[in-house]
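Subject: A structure for you to look at

Hi,

Here is the structure I promised to pass on. Have a look at it first, and then read my notes below.

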Amino acid sequence: MRLLQTFASQSVLAIQNAQLFKEIHDKSQQLEVASQLKSQFLANMSHELRTPLNAIIGVTEMLHEDAVDLAREDELEPLERVLRAARHLLP
């Protein structure tokens, strides 16, 4: 009788462990899918942000050149700040 009880207890533990293993496996797969989706989203957003950032850089460079040509010293520093920030964000 004791032997059967021991086997029953061990069987219950084995079934619980198998269920936990399956849950961990399922969660791992879900995390992998989420990670792939996040990577794809970031790649798409990076691509979508490049065009406007390039436009901002181009317009700011033109304004900076005009400010240099027209000797508008008060406009140089803010334009340089915009250029630094935009180039820093450009992946």
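Before anything else, one term: when I say that two residues touch or are in contact, I mean that they have heavy atoms within 4.5 Å of each other. Also keep in mind that this is a predicted model.

Let's start with a single residue, histidine 64, which sits in helix α1. What does histidine 64 touch, not counting residues up to four places away in sequence? The answer is Leu76, Leu79 and Glu80. Is histidine 64 buried or exposed? With a relative accessibility of 17%, histidine 64 counts as buried, because the cut-off for buried is under 20%.

Now zoom out to the two helices. Helix α1 covers residues 2–69 and helix α2 covers residues 73–89. Two packed helices are described by the angle between their axes and the distance between the axes. Here the axes of α1 and α2 come within 9 Å and cross at roughly 155°. That makes the two helices, α1 and α2, roughly antiparallel, since angles over 145 degrees fall in that class. The crossing of α1 and α2 is left-handed.

Which residues meet there? On the α1 side they include Leu53, Ile56, Ile57, Leu63 and His64. Among their partners in α2 are Leu76, Leu79, Leu83 and Ala86. Sorted by type, the residues of the contact of α1 with α2 are 12 nonpolar, two polar and four charged.

Next, the charges. Side chains of opposite charge can pair when their charged atoms come close. How many salt bridges are there? The count is four, and here are some of them:

- Arginine 87 pairs with glutamate 61, with 2.5 Å between the closest N and O atoms. Arginine 87 is in α2 and glutamate 61 in α1, so this salt bridge ties together parts that are 26 residues apart in sequence. Both ends are partly exposed: arginine 87 has a relative accessible area of 45%, and glutamate 61 has 32%.
- Arginine 81 and glutamate 77 form a salt bridge too, at 2.6 Å from N to O. They are four residues apart in helix α2, so about one helical turn separates them. Arginine 81 is partly exposed at 46% relative accessibility, as is glutamate 77 with a relative accessible area of 39%.
- Glutamate 75 and arginine 72 are joined by a salt bridge at 3.0 Å, N to O. Glutamate 75 is partly exposed, with a relative accessible area of 27%.

That last arginine brings us to the loop. Arginine 72 is found in the loop between α1 and α2, and at 40% relative accessibility arginine 72 is partly exposed. If you compare arginine 72 with asparagine 44, which is 28 residues away along the chain, their C-alpha atoms turn out to be separated by 39 Å.

Alanine 71 lies in the loop between α1 and α2 as well. Most residues other than glycine have a negative phi, and most peptide bonds are trans. What about the phi of alanine 71? That angle is near 55°, a positive value in a residue other than glycine. Alanine 71 counts as exposed, at 54% relative accessibility, because exposed means over 50%.

Try finding histidine 64 in helix α1 on your screen, and then look across to Leu76, Leu79 and Glu80, which histidine 64 touches.

Cheers

Methods
Residues numbered from 1 in each chain as written. Predicted model: local features only at pLDDT ≥ 70, side-chain atom pairs only at ≥ 80, totals over all residues. Heavy atoms only, no water. Salt bridge = Lys/Arg side-chain N within 4 Å of Asp/Glu carboxyl O. Buried < 20%, exposed > 50% of the residue type's maximum accessible area, 1.4 Å probe, protein only. Axes fitted to C-alpha atoms, helices over the stretch in contact; angles between N-to-C directions. Parallel < 35°, antiparallel > 145°, perpendicular 65-115°, else oblique. Left-handed = near helix turned anticlockwise from the far one by under 90°. Nonpolar A, V, L, I, M, F, W, Y, C, P; charged D, E, K, R; others polar.
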